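Work through the following exercises with the sequence and the model side by side. Each task is followed by a solution that goes step by step.

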Amino acid sequence: MRWFRRRPKEDDVPDPRTPWPAREVPEDPEAAAVTFWRRWFELLPEINAALGDGAPQRVEHELSSAVARLHPDLHFSLERGHRAIYALVVTGQEDPALRPFTDAWAAAAPEEDSIWEYHDSVPPVPDPSEVTVNLGAHRVALAEFRVAALVDGDVVDVAVYHPMLSELDPGARSALTFLPLDATLGERLAGQRLRRVETAEREPAGSLSLLELRDLVRKLDSGNVGGSG
């Protein structure tokens with residue numbers, strides 16, 4: 001999964017002795033959303049052609065600019081869809097300050113069709129146990145992850161284990177700790193129900209598979225699991 005975020009070009013970077021320029025934030029999220037979708041449809045033929053050619057980088061700059069005009073702190077990705085061929089994800093990564101913009105974006109989104117679906121947070125994959133991710137020279141199967149889960153009221157503390165995690169540098173270890181959780185639960189449910197997330201050095205006793213964790217958290221979210229601790 002590759003995330004794009006708008007960044008200044010190298011020749012646009014200001015002198016480090018001067019303050020970083022303030023990024024413009026629209027005053028009206030609804031108007032900004034309408035502007036985004038107008039630009040999306042202008043770019044859509046080029047986007048479809050780029051994805052058909054397996055070259056999404058051709059449209060990265062234009063899409064990054066369009067998302068930045070919606071709000072400069074939003075992230076986006078182009079993904080394989082679950083109900084359609086492709087999915088556009090625009091997310092504030094559960095930042096409450098960005099929710100008015102993602103809500104307005106979702107409300108103004110067009111109807112989904114056989115080609116495109118739209119998400120205002122990263123959705124869960126249908127079956128994480130079938131997913132393999134590439135991390136440098138490593139191929140990591142999500143089916144090999146095990147998770148210890150401690151329910152406390154309406155939230156869950158988790159410890160994530162994979163034998164490769166101890167071999168990674170801290171940044172990669174953190175990314176590979178959270179990635180299977182987002183893939184399993186989706187960004188929104190993970191943000192709402194997971195409280196503490198840590199990496200386990202050894203496989204915890206009584207650990208769960210990712211699908212078992214999904215069942216636990218979804219039951220908790222629907223009010224079917226009582227708290228402990």
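**Exercise 1: a helix and its surroundings**

Task: compare the expected span of helix α4 (residues 170–185) with the distance between its end C-alpha atoms, and then describe what its buried residues pack against.

Solution. At 1.5 Å a residue, the 16 residues of α4 should span 22 Å, and because the end C-alpha atoms are 23 Å apart, the two values agree; the expected span is 1.5 Å times one less than the number of residues. Helices (H or I, at least four residues) and strands (E, at least two) are DSSP runs numbered from the N terminus. The model is a predicted one, in which local features need pLDDT of at least 70 and side-chain atom pairs count only at pLDDT 80 or more, while totals for chains, interfaces and linings use all residues. Residues are numbered from 1 along each chain as its sequence is written, and side-chain values use heavy atoms, with hydrogens and water left out.

Next, consider the buried residues, where buried means under 20% relative accessible area, exposed over 50% and partly exposed in between (1.4 Å probe, protein chains only). In α4 they are Ala172, Leu176, Thr177, Pro180, Leu181, Ala183, Thr184 and Leu185. They pack against β4 (132–135), β5 (138–141), β7 (155–161), α5 (187–193), β8 (194–199) and α6 (210–221), contact being heavy atoms within 4.5 Å.

Finally, look at the ends of α4. Asp169 caps the N-terminal end, with a side-chain oxygen 3.1 Å from the backbone nitrogen of Gly171, and just after the helix Gly186 takes a positive phi of about 85 degrees.

**Exercise 2: an open sheet**

Task: establish the strand order of the sheet that contains β1, β2 and β3, and find which helices pack on it.

Solution. The three strands form an open sheet in the order β1-β2-β3, with mixed pairing; two strands pair if DSSP finds at least two bridges between them. The edge strands, each pairing on one side only, are β1 (75–80) and β3 (116–119). Strand β2 (residues 86–91) runs parallel to β3 and is joined to it by four bridges, and Ala87 has Glu117 as its bridge partner in β3. Helix α1 (residues 29–52) packs on the sheet, touching β1, β2 and β3, and its direction makes about 125 degrees with that of β3. Helix α2 (residues 60–70) also packs on the sheet, where it touches β1 and β2, its direction making about 130 degrees with that of β1. For these angles, axes are lines fitted to C-alpha atoms, for helices over the stretch in contact, and values run from 0 to 180 degrees between N-to-C directions.

**Exercise 3: charged pairs**

Task: trace the salt bridges of Arg188 and state which residues their network joins.

Solution. A salt bridge is a side-chain nitrogen of Lys or Arg within 4 Å of a carboxyl oxygen of Asp or Glu, and a search of the whole structure finds 13 of them. Arg188 meets Glu94 in one such bridge (3.5 Å, N to O). This pair links Arg188 in helix α5 with Glu94 in the loop between β2 and α3, 94 residues apart. Arg188 is partly exposed at 24% relative accessible area, as is Glu94 at 23%. Asp120 and Arg188 meet in another salt bridge (3.6 Å, N to O). Asp120, in the loop between β3 and β4, is 68 residues from Arg188, and at 17% relative accessibility Asp120 counts as buried. Salt bridges that share partners join Glu94, Arg99, Asp120 and Arg188 into one network.

Technical notes
Polar contact = N/O pair within 3.5 Å; in protein donor to acceptor, adjacent residues only side chain to side chain.
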